[in-house]
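Reader: Please take a close look at a single part of this model, the place where the two domains of one chain meet. A plain, connected account will do.

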Amino acid sequence: MKNRMLYLIFAIILILPFVLQDVNFQHITIMFLIFAGLGEGWNIITGFTGQTSFGHAAFFGIGAYTSTIMFYKFGISPWIGMILGALFAAGISAVVSYPCFRLKGHYFAIATLAVAEIIKQLFVSWDYVEGATGISIPVKPDSFWMMQFHKSKIPYFLIAYVLFIVATLVAVAVEKNKMGYYLKAIRESHEAAEALGINTTRYKLYAMMISSAVTAVFGTLYAQYILYIDPFMVFGLDISMKIVLLTVLGGLGSVYGPIIGAAILIPLSEYTRVFLGGTGKGIDLMIYGALIVIVACFEPRGVLGLFRRTKKRGAQYAKTTA
Amino acid sequence: MPRPLLEVQNLTMKFGSLVANDDVSFVVNEGEIVSLIGPNGAGKTTLFNCISGFYKPFSGKVIFDGKDITGKSTHQITSMGLTRTFQIVKPLKDMTVKENVLTGAFLHANSKREAENLTDQVLRMTHLWDKKDMLAGSLTIADKKRLEVARMLATKPKMIMLDEAMAGLNKTEIKEAMELCVNLNKNGMTLLIVEHVMEAIMPISNRVVVLNAGRKIAEGSPQQIINNEEVIKAYLGERYYAKSRQINGGI
């Protein structure tokens, strides 16, 4: 029943850019898919496992830089870069988070924030990757293998769509199986999880690796879509925060959360940019902020919690009137 | 000849200069119900934490099923078949009762189906079947304690340790908990129970170990313990002494 809802959402998203053939709108759907996918990845470590990461930009950036450098320096297909980027991100996340997992709660969150900033600074001062100047990806004729399309946005949309579905299904697979139960047990109580025979460190590590690999994949796609990257753009706190905010707004710990959150925040941010131009920079973040405050105060489970509450109330109403 | 399942040898645990457990040794044999009693602050929960791997003992050894488990992590100890409940219950609040138990059942199940079958079995045995779809956070304290036991049983343990599983329960609930313990024991389960509710554990225990201020002051059958002068002075109190005399006199 629940999965049917998910397939319905997939189907609706697929027809969007073909119904409204506006380039701007197509751009928004692509950004929506990228950020919804990022939210799905982040949800695995934070929503399911309860380990708040404010540093997912690190893995996003690693994905973007891995494929871009391989293409820029050696002409290797971004598809290969995407896979390698995901592996790198998983490896680095394991090395970085293993010591961080000794920290609990807020301290873990702060550590992830710090790690992401450190990685950003490393890239800023690393000459081999053009430092703070960033890299413009050399323009090539339209080709699937080189993941570049200039005539239409539809191919980008389709790639983003497939990756988004993969990310969502990964999240569903994690949630429905043993691993999902284990991760949620860790979120609810560390001690209880250990007493149930769960190797908490190992499972947190698995969750982090899957989460960062998913994040890196979208980093590659983003780089190929924008065709320019610099450390501030891909490693910035902006990216980390956007992922956090949209998932929290939609509903933490549910596969629907990031989809709902991205569907609200991405159009908001893109349209304010279109209508307000340079002067409006940051307005979307102000609205984000206000929304988050409202959500945190009234419904910590996000928009999804709001749905569930009204549904429950409706059911109760039906019961009392029947 | 009974086979020792859990052996605690000269276990000492210190927090700074505070000695919580001082050279404690005892044995739990296979198929026994042993209870651990003592006044508040005697070091019962600390001892539990040392045995179950939450604390690493300062010195001494813990041997379970012939293997040294001193300093092993909790999840390893649980996998070997020794598991515990918590004095302050730790339900997985945002998960349903069924999901709570299922999480434990995955430990020795090869598939989700197998884990689900085991979960159903455990839920029926612990009388939680009717509440299986409720969120664990919304249960009453008695049911939360029952859930602790159910979740633990789902890990298919050889021996379980209950940390004040009956505190805060009413008479009927205590009786149900006692029955559950006895039934488990009949099916071959070994139990180590920390409890303050004397009326509940004295009748079902094979042996009783008494701690006071970190030291073991007595060990023996419930009969021996309730007549032990030192135990009465330290813990049971004159009233229990008089009451037990009455009961014994009646018999």
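Author: **The domain contact in chain B**

Chain B is divided into domain 1 (1–81 + 160–251) and domain 2 (84–156); these bounds come from an automatic or database domain assignment. The model is predicted: local features need pLDDT of at least 70, side-chain atom pairs count only at pLDDT 80 or more, and totals for chains, interfaces and linings use all residues. Residues are numbered from 1 along each chain as its sequence is written, while chains are lettered from A and ligands numbered from 1 in the order in which they are written.

Between the C-alpha centres of domain 1 of chain B and domain 2 of chain B there are 24 Å. Domain 1 of chain B brings 15 residues to the contact and domain 2 of chain B brings 12 residues, where two residues are in contact if their C-beta atoms, placed from the backbone, lie within 7 Å.

On the side of domain 1 of chain B that touches domain 2 of chain B, two or more residues come from each of α1 (44–51), α2 (74–80), β7 (159–163) and α6 (171–186) of chain B. Helices (H or I, at least four residues) and strands (E, at least two) are DSSP runs, numbered from the N terminus. The largest share of this side, four residues, belongs to β7(B).

By class, this side of domain 1 of chain B has seven nonpolar, five polar and three charged residues. Ala, Val, Leu, Ile, Met, Phe, Trp, Tyr, Cys and Pro count as nonpolar, Asp, Glu, Lys and Arg as charged, and the others, Gly among them, as polar.
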